[in-house]
Amino acid sequence: MTKTPTFIPLLNSVSRAETGAGEAFAEWARTTTDKRLAKTLRVVAMRETEHGIAFAKRMLEFDCEVYDDGLDFTAELRKIVASKRSDVNKMKALGFNKSDSGPDIFDRFFRDKTIDPMTGALIGRYICEERDTGRLLKAEHDRLHTADKKRKERANR
């Protein structure tokens, strides 16, 4: 019997988190009234969902199934998305008002030196797309924040 790769828990956590995030961003896209934000959120939701599927598929290729590891990385995301907050306040609560700088959670992903090239390529693409998602949502936050600021300035005249 082939030994289960040491990186399976990483693949599992990513698959579960991305699947949940895809659902949350899709729900947000359905409820926002801002068409441009809705489009961006649909792109993000599709990306997240695809990541969940791709990582689950890679696990199957190692004869492993996605399993409940007791971790819930998307609880706060789902709570914020379901709230009555404005879109810009949801983005602030999720940290999309901040610029990327310094190390992030993804910097640790390649510490396992047993990751094979195919899995490494999948993880590399995932990391690049996640960082791009952050940039997309930061740009949307900035756009909405600027629009809110202008609206308030006009109202105070």
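**Helix 3 and the contacts of helix 1**

In helix 3, the residues L77, I80 and V81 are buried. Down the axis of this helix, the buried residues fall within an arc of 100°, so they line one face of helix 3. An α-helix has 3.6 residues a turn, so residues three or four places apart point the same way. The other side of helix 3 carries K79 and A82, both exposed. What lies over the buried residues? The cover of helix 3 includes helix 1 and helix 4, the latter spanning 87–93.

This is a predicted model. The protein has five helices and zero strands. From the N terminus on, its elements run α-α-α-α-α. Its C-alpha atoms fill a box of roughly 75 × 30 × 25 Å along the principal axes. Of the 157 residues, 39% are buried. Take the contacts between residues at least 6 apart in sequence: 78% of them join residues at least 24 apart.

Now follow helix 1. It covers residues 8–31, and helix 3 covers residues 75–82. Their axes come within 9 Å and cross at roughly 10°. Angles under 35 degrees count as roughly parallel, so helix 1 is roughly parallel to helix 3. Which residues make the contact? Helix 1 supplies A21, A24, F25 and W28, while helix 3 supplies L77, R78 and V81. By class, this contact has six nonpolar residues, no polar ones and one charged. Two of the helix 3 residues in this contact, L77 and V81, are also among its buried residues.

Helix 1 also meets helix 5, which runs over residues 117–155. Here the axes come within 13 Å and cross at roughly 30°. The crossing is left-handed. On the helix 1 side, the contact uses L10, L11, V14, E18 and F25. On the helix 5 side, it uses T119, I123, Y126, E130 and L137. The classes are seven nonpolar, one polar and two charged residues. F25 of helix 1 appears in the contact with helix 3 and in the contact with helix 5.

One residue of helix 1 deserves a separate look: S15. Is S15 buried or exposed? Its relative accessible area is 3%, and buried means under 20%, so S15 is buried. Which residues does S15 touch, leaving aside its neighbours within four places in sequence? S15 is in contact with G52, F55, A56 and V66.

Note on methods
Residues numbered from 1 in each chain as written. Predicted model: local features only at pLDDT ≥ 70, side-chain atom pairs only at ≥ 80, totals over all residues. Heavy atoms only, no water. Axes fitted to C-alpha atoms, helices over the stretch in contact; angles between N-to-C directions. Helix = DSSP H or I, 4+ residues; strand = E, 2+ residues; numbered from the N terminus. Parallel < 35°, antiparallel > 145°, perpendicular 65-115°, else oblique. Contact = heavy atoms within 4.5 Å. Nonpolar A, V, L, I, M, F, W, Y, C, P; charged D, E, K, R; others polar. Left-handed = near helix turned anticlockwise from the far one by under 90°. Buried < 20%, exposed > 50% of the residue type's maximum accessible area, 1.4 Å probe, protein only. Arc of directions from axis to C-beta.
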